[in-house]
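Q: Please go through this structure with me. I want each label set against its cut-off.

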Number of protein chains: 2
Amino acid sequence: MASASFTTSSQPTSNKLLFRQLFEKESSTYTYLLADASHPDKPALLIDPVDKTVERDLSLVKELGLKLIYAMNTHVHADHVTGSGLMKNKVPGLKSIISKASKSKADLLIEAGDKIYFGDLFLEVRATPGHTLGCVTYVTGEGPDQPQPRMAFTGDAILIRGCGRTDFQGGSSQQLYESVHSQIFTLPKDTLIYPAHDYKGLTVSTVGEEMLYNPRLTKDEESFKNIMANLNLSYPKMIDIAVPANMVCGLQDISAKPVEATSN
Amino acid sequence: MASASFTTSSQPTSNKLLFRQLFEKESSTYTYLLADASHPDKPALLIDPVDKTVERDLSLVKELGLKLIYAMNTHVHADHVTGSGLMKNKVPGLKSIISKASKSKADLLIEAGDKIYFGDLFLEVRATPGHTLGCVTYVTGEGPDQPQPRMAFTGDAILIRGCGRTDFQGGSSQQLYESVHSQIFTLPKDTLIYPAHDYKGLTVSTVGEEMLYNPRLTKDEESFKNIMANLNLSYPKMIDIAVPANMVCGLQDISAKPVEATSN
Ligand SMILES: [Fe+2]
Ligand SMILES: [Fe+2]
């Protein structure tokens, strides 16, 4: 049966991984906390933190006894401001991460093939442009201690039963189609997909599921391009604030504003 | 270090379990889908389905190739109408479940100590009154195939860093305190806590974490009762619709309304 390959063992399993999915309601953004809990330092990273939930995230990091080392971004978001800038002000030594292809400023500019270690665990970088020109997907590594099934943090490249729009920030529907098919759909079918957003309350999917049920990316390339060309979406209300801020990983604030997280 | 006991292996691990957490934004309710994916029928259950997300939930069940056998409720909710009634209209053979102590109508009335099997997996019922007089917590079983760490679906008995209010529906702060301390805090510290709600975007906690950081339930009983007596919460706007509907597990609708889920 077609569904058999992705319906077993739907949780990432690792003796080392601590994992938390976090949700920011206003922009429907998921932030992900990953840590190597078996390492004496408990090194941790956040993927796609949001400025409005910085206090919540840092308080959780503290309660869990983790050492936050990276605030990572999958891409230059247009719908919210990244939390990486505010966090850098509050966590000494914390490094912000974004792709070199995004042409943004950050402490570490990563590209396809890079490995980002936290303790004995690591994430691999895959280039998945198309929603923006600098989008990447972070995928947990392969190896005895790494989570099984693998986990893919896809940003807006692929969403659960959807995908990010392709009509600004260097977006290209053709490029997005190629990215998903070559970089995500080639992962094992049980790979868990953790997107940057969900608007219906779904929290996770799998590569196998999206290969069968994604209403856009299961189509052929021409149909996909047609769908994406005819979405008739409105101009994102946050884009003129969010994009410039995110191009510097949230560091626009530092001189202008008091060093306080916006509470929600 | 105090946090060590709950920061390893934070995902439930089982070769058989398929698990999905689902969120309903308006009432900030979590619905949980569990299935035995290794069983030929893939029997599945939903905990605390919401009427507004019935279509979403059933569509996921179908795509995953599952056979939904139970629509379970942790208690008579005051903030939303359960999806169990609408689902019974759409899924032949589906049985609704609630506690006998809730004095509600359902296909199966469960009580403390009952085991609810789905394939080779099962949930145990623990009585955790105090938010309402009929609140129960469903806890995954112990045994070689059962998820490890265990998972506790606590309804509103304990929330992440909080708990349900105790000022209506037979609520009692003393009873809630006793329920949490005797029925939940006695579980292994790495037991995952999946509540019926979260208002800050947190998705899961552990018994160990709540024993250290729950701002209410870490207090002594007298302080807890004081806190609960002085919350000054307003009257829940949905209660006069939700409680009567939920006392019959959502079956109030069946003759009065066309058999269609409210879409959100
Ligand atoms: Fe985006
Ligand atoms: Fe409730």
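A: Start with the elements: helices (H or I, at least four residues) and strands (E, at least two) are DSSP runs, numbered from the N terminus. By that count, A:Asp48 is found in the loop between strand 3 (43-47) and helix 2 (54-63) of chain A. This is a predicted model: local features need pLDDT of at least 70, side-chain atom pairs count only at pLDDT 80 or more, and totals for chains, interfaces and linings use all residues. Residues are numbered from 1 along each chain as its sequence is written, chains are lettered from A and ligands numbered from 1 in the order in which they are written, and side-chain values use heavy atoms, with hydrogens and water left out.

Q: What makes A:Asp48 buried?
A: Buried means under 20% relative accessible area, exposed over 50%, partly exposed in between (1.4 Å probe, protein chains only). A:Asp48 has a relative accessible area of 2%, so it is buried.

Q: What is notable about phi of A:Asp48?
A: Phi is near 55°, a positive value, and A:Asp48 is not a glycine. A:Gln169 also has a positive phi, of about 55°, and is not a glycine. A:Gln169 sits in the loop between strand 10 and helix 4 (173-184) of chain A.

Q: Which residues are called donors of the iron ion (ligand 1)?
A: Donors are N, O and S atoms within 2.8 Å of the metal (3.2 Å for Na, K and Ca); water is not among the atoms, so sites may look incomplete. A:His75 (NE2), A:His131 (NE2) and A:Asp156 (OD) coordinate the iron ion (ligand 1) at 2.1 to 2.4 Å. In sequence these donor residues are spaced H-x55-H-x24-D. A:His75 lies in the loop between strand 4 (67-72) and helix 3 (84-90) of chain A, and A:His131 in the loop between strand 8 (121-127) and strand 9 (136-140), so the pair ties together parts that are 56 residues apart in sequence. Both A:His75 and A:His131 are buried.

Q: What are the protein donors of the iron ion (ligand 2)?
A: They are B:His75 (NE2), B:His131 (NE2) and B:Asp156 (OD), lying 2.1 to 2.4 Å from the ion. Their spacing in sequence is H-x55-H-x24-D. B:His131 lies in the loop between strand 8 (121-127) and strand 9 (136-140) of chain B, and B:Asp156 in the loop between strand 10 (151-155) and helix 4 (173-184), so the pair ties together parts that are 25 residues apart in sequence. B:His131 and B:Asp156 are buried.

Q: How many disulfides are there over all chains?
A: A disulfide is a covalent bond between the sulfur atoms of two cysteines. The rule here is a pair of cysteine sulfur atoms within 2.5 Å. The count is 0 over all chains.

Q: Why is A:Cys249 too far for a bond?
A: Its sulfur is 13 Å from the closest cysteine sulfur, in A:Cys135, so no bond can be assigned. A:Cys249 is buried, at 0% relative accessible area. For B:Cys135, the closest cysteine sulfur is in B:Cys163, 11 Å away, which is too far as well. B:Cys135 counts as buried at 3% relative accessibility.

Q: What does A:Thr140 touch?
A: Contact means heavy atoms within 4.5 Å. Leaving out residues up to four places away in sequence, A:Thr140 touches seven residues by name: A:Leu34, A:Phe122, A:Leu123, A:Pro147, A:Arg150, A:Met151 and A:Phe153.A:Thr140 is in strand 9 of chain A and is buried, with a relative accessible area of 2%.

Q: Which residues touch the most other members of the largest nonpolar core?
A: A nonpolar core is a set of buried Ala, Val, Leu, Ile, Met, Phe, Trp, Tyr and Cys residues joined through side-chain atoms within 4.5 Å. The largest has 50 residues, and A:Leu34, A:Tyr138, A:Phe153, B:Leu34, B:Tyr138 and B:Phe153 touch the most other members.

Q: How confident is the predictor in chain A?
A: pLDDT is the predictor's confidence in each residue, from 0 to 100. Chain A averages 92, and 91% of the residues score at least 70. Over residues 1-9 of chain A, pLDDT stays under 50. Residues 254-264 of chain A also stay under 50. Where pLDDT is low, the predicted coordinates should not be read in detail.
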